[in-house]
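Subject: Structure for your review

Dear colleague,

Please find below the structure that I am handing over to you, together with its sequence. My findings follow it.

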Amino acid sequence: IFEWWYFRKYGTSFIEQVSVSHLRPLLGGVDSSSPSNSNTSNGDADSNRQSVSECKVWRNPLNLFRGAEYNRYTWVTGREPLTYYDMNLSAQDHQTFFTCDSDHLRPADAIMQKAWRERNPQARISAAHEALELEDCATAYILLAEEEATTIMEAERLFKQALKAGEGCYRRSQQLQHHGTQYEAQHRRDTNVLVYIKRRLAMCSRKLGRTREAVKMMRDLMKEFPLLSMFNIHENLLESLLELQNYADVQAVLAKYDDISLPKSATICYTAALLKARAVSDK
């Protein structure tokens, strides 16, 4: 009961916090985020890795479209596809990626800041429409594409409108980013919005059968923004390359992103297993 209350109040697991922050160091575990010493031998590194307990939940909710894909499960089974924890993780991500402290300066962004915190889906959708009545707001289009659109084609149309609005904001904030911390934060937010939109458009292309176009879009995006790995664009690229059966390219992407210090996702694990099985079967 205490764990449930703590999670409802603070949005994080008390057991997970205690195990990761307090128990693991006492039991001799190492923090996977800390940089490894260059003098550490491979044997030591392996033993350290084994002592790290995997407590983190992989952030899955951004891998499918909520309206067009997750809701399909609800229509068929009458059950919710996402847990309370999933919804909480995606709400945190939305607020981190799509809002900043200067949102009050733009009326539409101020509305969207409240919309991302809203728990009721219909209230979020209404707020997005309200923001669009004031101006062309990229994050409002994102919310509608994610939650109101019931097909991938409809989502793609809204994301294209979001891209047009997002590119305008990105160019303006890029010119002002050196004028102070407030402008810098705004530019960081606008960059996140632009990358998110382009990634989603690439996902739409793949789901609509334009797989080669999707691969090109993802490669261009990773080249333009190489540091933004938190959106897991490489995983979408792996899925597209597997669909095209370009196994040499899959191996190259996997070699770059299958890093022992990063948390493992099902895409990375199964792709690595598939390539190993193919290598054996070819012989």
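Among contacts in the protein between residues at least 6 apart in sequence, what percentage join residues at least 24 apart? The figure is 58%. Please bear in mind that this is a predicted model.

Overall composition

The protein contains 14 helices and 0 strands. Its pattern along the sequence is accordingly written α-α-α-α-α-α-α-α-α-α-α-α-α-α. The protein has 283 residues, of which 41% count as buried. Its accessible surface amounts to about 16600 Å², and carbon and sulfur atoms contribute 54% of that area.

Helix H8

Helix H8 spans residues 138-147, and 10 of its 10 residues are buried, so this helix is largely enclosed by the rest of the structure. The buried residues include Ala138, Ala140, Ile142, Leu143 and Leu144, and Glu146 and Glu147 also belong to this set. What do the buried residues of H8 pack against? Their partners are helix H4 (66-77), helix H5 (84-98), helix H6 (107-117), helix H7 (121-134), helix H9 (152-176) and helix H10 (181-207).

Arg124

One residue of helix H7 deserves a separate note, namely Arg124. Its relative accessibility is 6%, and Arg124 therefore counts as buried, the cut-off being under 20%. Leaving aside residues up to four places away in sequence, Arg124 touches Arg66, Met87, Ala115, Glu118, Arg119, Leu143 and Glu147. Two of these contacts, Leu143 and Glu147, are among the buried residues of H8.

Helices H13 and H14

Two packed helices are described by the angle between their axes and the distance between the axes. For helix H13 (residues 247-257) and helix H14 (residues 266-282), the angle is about 130 degrees and the axes are 11 Å apart. H13 and H14 are therefore oblique to each other, and H13 passes H14 in a left-handed crossing.

Which residues meet in this contact? H13 contributes Tyr247, Val250, Gln251, Leu254 and Tyr257, while H14 contributes Ile268, Thr271, Ala272, Leu274, Leu275 and Arg278. By type, the residues of this contact divide into 8 nonpolar, 2 polar and 1 charged.

I would be grateful if you would look through these points alongside the structure.

Yours sincerely,

A colleague

Notes
Residues numbered from 1 in each chain as written. Predicted model: local features only at pLDDT ≥ 70, side-chain atom pairs only at ≥ 80, totals over all residues. Heavy atoms only, no water. Axes fitted to C-alpha atoms, helices over the stretch in contact; angles between N-to-C directions. Helix = DSSP H or I, 4+ residues; strand = E, 2+ residues; numbered from the N terminus. Parallel < 35°, antiparallel > 145°, perpendicular 65-115°, else oblique. Left-handed = near helix turned anticlockwise from the far one by under 90°. Contact = heavy atoms within 4.5 Å. Nonpolar A, V, L, I, M, F, W, Y, C, P; charged D, E, K, R; others polar. Buried < 20%, exposed > 50% of the residue type's maximum accessible area, 1.4 Å probe, protein only. Areas by Shrake-Rupley, 256 points an atom, 1.4 Å probe, with all protein chains shown as cover.
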